[in-house]
Amino acid sequence: MEYIQNSGVTPDEDTFNRLALEVFSFQYSRIPIYQRLCDKRGAAPGAVSSWRDIPGISTEGFKLFELFSKPPAEAIRIFSTSGTTQGVKKGRALFSDEGLELMNVAILENARRCLFPEGGRYRFLIIAPPPEKAPHMIMAYGMEQLKKNYGLAGSRFLIGEQGFVPEELARELRQAERENTPVALIGASLGFLSFFDFCAQQKLSFDLPQGSRTLDAGGYKGKGRAIAQDEFISLITRFLGIPPDMSINLLGMTELGSQFYDNILKNRFSGSPGARCKENPPWTRTLVLDPRTMQEVPVGAQGVLWHLDLTNLERVAAIQTDDIGRRREQGFEILGRARGSEARGCSLSIEEITRKP
Amino acid sequence: MKELSAKGYYLPEPLLVDVSGFSYSVHEFPELDTVIRVEFPLITPGFLEKVIVFLKNKKAYLESLPIAAIADILDRASENWLDDTFPKKIAAVEAISLFTGFSPEMVRESIKVEHLSSRKKDLLRALHSELGDPAFLDGFHYSKERGLLSKATGPELTAAIFSSNIPGLPHLSVMRSFLVKSPILGKASREEPIFPPLYAETLKELDPEIGNCLAILSWRGGDEAIENILFDHCGVIIVYGSEETCNSVSKRVPPATRVISHSHRVGFGAVGREALSKKEAPGLAQKIAYDVSTFDQFACISPQVYFLEEGGQVSPKDFMPLLEQAMKSQERNIPPARLNLEDAAVLRHLHNTGELKELAGEDVVLRAAENLTWTIVYEPLKEFLSSPLHRFIRIVPLPDLKDIVKYLAPIKGYMQNAGLEVGEARRSEFCNLFARLGVSRICPAGKMPTPSMMWHHDGLPCIGEMVRWTDAEMF
């Protein structure tokens, strides 16, 4: 925790490596399935000297097992993945109260660095259900923490019993315009898209007060649509009057206590150059690996993402995803999830057969 | 960097002056240090109409040739393509391997498999099988069964939409069309525009006038301005592609036009305990590995799951080491396809998942090449799961092979090919079951990639569907 709070000041590779190996060793000894995986790969703690060589457990592991290093009774909170396909088991992430506290510190520190680098308080308008309505949704939990710590009066969640009501958001935005209160509009990427559809239909647009910003998470694919990130950002500018570098995307995973933010808002205030990409907070690392060889790809090339997150102290810190990303000088970009050879050749995928129109 | 160029089209000589211009697509393969530039003629509605009129006029020439002469020309074309020193084949193998990712050995194997079954005797047998007698194509011919004279006539023009998945396959549509004396206009896939023009050139070299009876062009699939003109003029349209593509074509053709669709299908294998003897098992493993490895599973006839019955001398689980050895030897014989990033990511994810299940003590065994080039998974699945392809086969143990119906019933109508290994006593039981489920071909293990010209592809008499009959009663 101390490392997280100080890491902005003293990012230190040696300390990180030492902590990472300690965490690894702890998890190896506490989580039997992880131990077997490491042994099979010949990567038990004694054989690993760099964080880069810590075996990542597949995200599938969170669906198959309870990956928890503490006695089950200590798990006071469980978050689960959305589970896109019916019949597919959901991934579960277990948290003790200590684990939640560690995640809270990471959430706030991350937001301080990447979302509110200039400080201040904002009116939070959140396109997500409140945590009490969605207790297993990690995004709702995280956004509640942000609202508690950076929110002005009048901040609120916008997905309720009726689902998302775009008229309500439009009213809130008009009010913020009138009161000249900067807004932090945060929530599900697809929720933003449905709001923009509404705006286009009603011929609405807003010019939100200076200092307003957006944070979206969850990705731009779903419900039969898929757009590119730059298109999404141009919609933000067009409908909300928020400049591109005040609009950022966040990659969050239920399996991880930490999130990865676009660096562009942070860069705007620090004056750093550099194109938009996800930058790791100092207590995490991400590698972009070629799935054929599991070696790191060069800058600019694509591969699958491997994350190491020290806040996952009580689960597994090193995670192998099937997300495809591109390695960048300052970090990485996420491009989407691998979908496979579905419907390639004339071999038919069963998914295609059973998909309802 | 090595630079190659290729023509992505074929036109009869007299039509070349009507081409208003060319476009080029450049495909780079940095890992292979090669770039290939493909030339395509610009296609306007006016130009397409000229091509159509020209081809339709050539119907008379095809009608004037005896069917035996047409079969001769097709036979000689296949003979050329079976010869590894045939220059067009050498060029095709290199370029198709670049485009499709198949290894050159696999492209050669695929072309071999396709053309071995396309010899004169095969063509004439196929005509006998589907029409009763090839002589019905040459003129009015007495039919004993009908007690009258009949003639079978193919369409004025056939259109074919080719896919890219199986190297050498487009020749089949050209052969079918010529066997019913119909000129053909083929649309090459942009993913593999190499083979169809080279095959057309081969025919032209064997008979310059038959070279005027076909054209190969390419345009963006679904371009209605172009396709609707073509569809309006064809008697028959042969479509290879996804269900979506096939449906989209069917919706747009005039009611009198026949559409012969070959959309995505799956294959599977079924092995009874009587075939799992200690003596036979190693050979069976080789056969299954050949079924799985050929075409790297990209064919509708490739197996995606092999069901093995328990209770034989060799259990399904004990069969795994034998299959592992066999997969390795297949890999040495015919190297696997290049893996793109996305396919590799899926395979790696499945490997990681299988590894975890195995480590957790679940009844799962995963054996695979470290670099993902082949994968065998033993898993008592609850339902049929399709393979991510690239030589990824699931071995599903069944206490009783009859239980297979539970897995197949939900995908009824989507199965193409079954590799079946059971004793004589149970053969008809399973053949009947598979027939009811819409399987269009049943063969022994090891023969899945090599159907004959006789096969009712997709369950249809593909040549028979192309002709219309005229019966004359007064003679």
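How many residues of chain A are in contact with how many residues of chain B? In this predicted model, 31 residues of chain A are in contact with 38 residues of chain B.

**The contact between the chains**

On the chain A side, at least two residues each come from α3 (32-40), α4 (61-64), β16 (302-309), β17 (318-327) and α11 (350-354). The element that gives the most to this side is α3(A), with 4 residues. By class, the side of chain A that touches chain B divides into 13 nonpolar, 10 polar and 8 charged residues.

**Chain A**

Chain A has 11 helices and 18 strands. Of its 357 residues, 45% count as buried. Among the contacts in chain A with a separation of 6 or more, 66% are between residues 24 or more positions apart.

Two helices of chain A can be described as a packed pair. Two packed helices are described by the angle between their axes and the distance between the axes. Helix α5 (residues 97-114) of chain A and helix α6 (residues 138-150) of chain A pack at an angle of about 65 degrees, and their axes are 10 Å apart. The crossing of α5(A) with α6(A) is right-handed. From α5(A), the residues N104(A), I107(A), L108(A) and A111(A) take part; they meet G142(A), Q145(A), L146(A), N149(A) and Y150(A) in α6(A). This contact holds 5 nonpolar residues, 4 polar residues and no charged ones. An α-helix has 3.6 residues a turn, so residues three or four places apart point the same way.

The loop between α3 and β1 (57-58) of chain A holds S49(A). S49(A) has 10 other C-beta atoms within 10 Å, and a residue with 12 or fewer counts as exposed, so S49(A) is exposed. Along the chain, S49(A) and A20(A) are 29 residues apart, while their C-alpha atoms are separated by 9.9 Å.

**Chain B: domains and a helix**

Chain B is divided into domain 1 (2-264) and domain 2 (266-443). The C-alpha centres of these two domains of chain B lie 33 Å apart. Their contact takes 10 residues from domain 1 of chain B and 12 residues from domain 2 of chain B. On the domain 1 side, the residues that touch domain 2 of chain B comprise 3 nonpolar, 5 polar and 2 charged.

Helix α13 (residues 341-359) of chain B has 19 residues. At 1.5 Å a residue, α13(B) should span 27 Å, and because its end C-alpha atoms are 27 Å apart, the expected and modelled values agree. Most of α13(B) is covered, with 16 of its 19 residues buried. Just after α13(B) comes G361(B), which takes a positive phi of about 85 degrees.

**Chain B: single residues**

The table gives the burial of four residues of chain B.

| Residue | C-beta neighbours within 10 Å | Class |
|---|---|---|
| F54(B) | 19 C-beta atoms | partly exposed |
| P155(B) | 24 C-beta atoms | buried |
| K181(B) | 24 C-beta atoms | buried |
| H390(B) | 26 C-beta atoms | buried |

Why does F54(B) count as partly exposed? A residue is buried if 20 or more other C-beta atoms lie within 10 Å and exposed if 12 or fewer do; F54(B) has 19 such neighbours, so it falls in between. F54(B) lies in helix α1 (residues 45-57) of chain B. Leaving aside residues up to four places away in sequence, F54(B) touches P12(B), P14(B) and L15(B). S118(B) is 64 residues from F54(B) in sequence, and the C-alpha atoms of the two are 28 Å apart.

P155(B) sits in the loop between β5 (148-153) and β6 (158-161) of chain B. With residues up to four places away in sequence not counted, P155(B) touches S182(B), C234(B), G235(B), V236(B) and M466(B). P155(B) and T257(B) are 102 residues apart in sequence, but 9.6 Å apart in space from C-alpha to C-alpha.

K181(B) and H390(B) can be taken by their backbone angles. K181(B) is not a glycine, although its phi is positive, at about 60 degrees. K181(B) is found in the loop between α7 (171-179) and β7 (184-187) of chain B. H390(B) is likewise a residue other than glycine with a positive phi, near 60 degrees. H390(B) lies in the loop between β14 (375-378) and β15 (392-398) of chain B.

Note on methods. Residues numbered from 1 in each chain as written. Chains lettered and ligands numbered in written order. Predicted model: local features only at pLDDT ≥ 70, side-chain atom pairs only at ≥ 80, totals over all residues. Expected span 1.5 Å × (residues − 1). Axes fitted to C-alpha atoms, helices over the stretch in contact; angles between N-to-C directions. Left-handed = near helix turned anticlockwise from the far one by under 90°. Contact = placed C-beta atoms within 7 Å. Nonpolar A, V, L, I, M, F, W, Y, C, P; charged D, E, K, R; others polar. Domains from an automatic or database assignment.
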